[in-house]
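Colleague: I have some questions about the labels used on this model. Can you take me through them?

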Amino acid sequence: MTELLPFSNIAPSKMHLKYLFTILAPFFLANLNSVDAQVSVQDSLALVDFYNSTDGPNWRDHTNWNSSSQVGTWTGVTVSGGRVTGIEMMGNLIKDTIPASFGNLTGLVFLNLIDNQLSGSIPYAMGNLTNLESLNLGANYLTGSIPSSLGNLSKLKYLYLYSTYLTGSIPQSIGNIGSLQTLDLQYSRLSGTIPQALIRENFMLSLNNNRFNFAD
């Protein structure tokens, strides 16, 4: 006589369904978390390159970086939908230059690297991060000019590049970002004139302690 499997000879009552869900839920949720924690090869390689280019082993906190651990467990990294969507590492002793490959992190929504020791120029490829809503590279040793490619960040709301050694003028393209609400460039070495498109209502514009020309 064939032995019946549990519940195979009765109708699936609410109690039985609840029991099954209780058993299967941990496996289901674990699978969801596993999928969400995985990121594209493109993102993984970009993070590893960033780690190697900015003296990662000597960061204040580099937990799980450049390891086999899921990227979502790496210090300061947020993952959603299979993409890296956020990097939050304020005052983490990150130094040297941001590699051009950083522009491959096209799923980024927020990036905060304030109060570190980054030097060199802002890569032109940062203009590829078209999902960014907040970009903060303030209080670093950045040099060179603000890349005009940042004007491609059509979703950007907050741009902080204060307390740097950036020179040159504000690219006209920055004024074309209609979503931009805050632009903080104070305490840098910028010069030239202010793009007319940045002079508008309900907009936070911080420019003090630079070398702008207000003669007109």
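Modeller: Here are the salt bridges, then burial, then the chain as a whole.

Modeller: This is a predicted model, where local features need pLDDT of at least 70, side-chain atom pairs count only at pLDDT 80 or more, and totals for chains, interfaces and linings use all residues. Residues are numbered from 1 along each chain as its sequence is written, and side-chain values use heavy atoms, with hydrogens and water left out.

Colleague: Why is the pair D43 and R83 called a salt bridge?

Modeller: The term needs a side-chain nitrogen of Lys or Arg within 4 Å of a carboxyl oxygen of Asp or Glu. The closest N and O atoms of D43 and R83 are 2.9 Å apart, so the pair qualifies. D43 sits in helix α2 and R83 in strand β2, 40 residues apart.

Colleague: What makes D43 buried?

Modeller: Buried means under 20% relative accessible area, exposed over 50%, partly exposed in between (1.4 Å probe, protein chains only). D43 has 0%, so it is buried. R83 has 24%, so R83 is partly exposed.

Colleague: How many salt bridges does the whole structure hold?

Modeller: The search finds 2. K95 and D55 form one of them, at 3.4 Å from N to O. This pair links distant parts of the chain, with K95 in strand β3 and D55 in the loop between α2 and β1.

Colleague: Why is K95 called partly exposed?

Modeller: Its relative accessibility is 32%, so K95 falls between the two cut-offs.

Colleague: What share of the chain counts as buried?

Modeller: Of its 216 residues, 42% do.

Terms used:
Helices (H or I, at least four residues) and strands (E, at least two) are DSSP runs, numbered from the N terminus.
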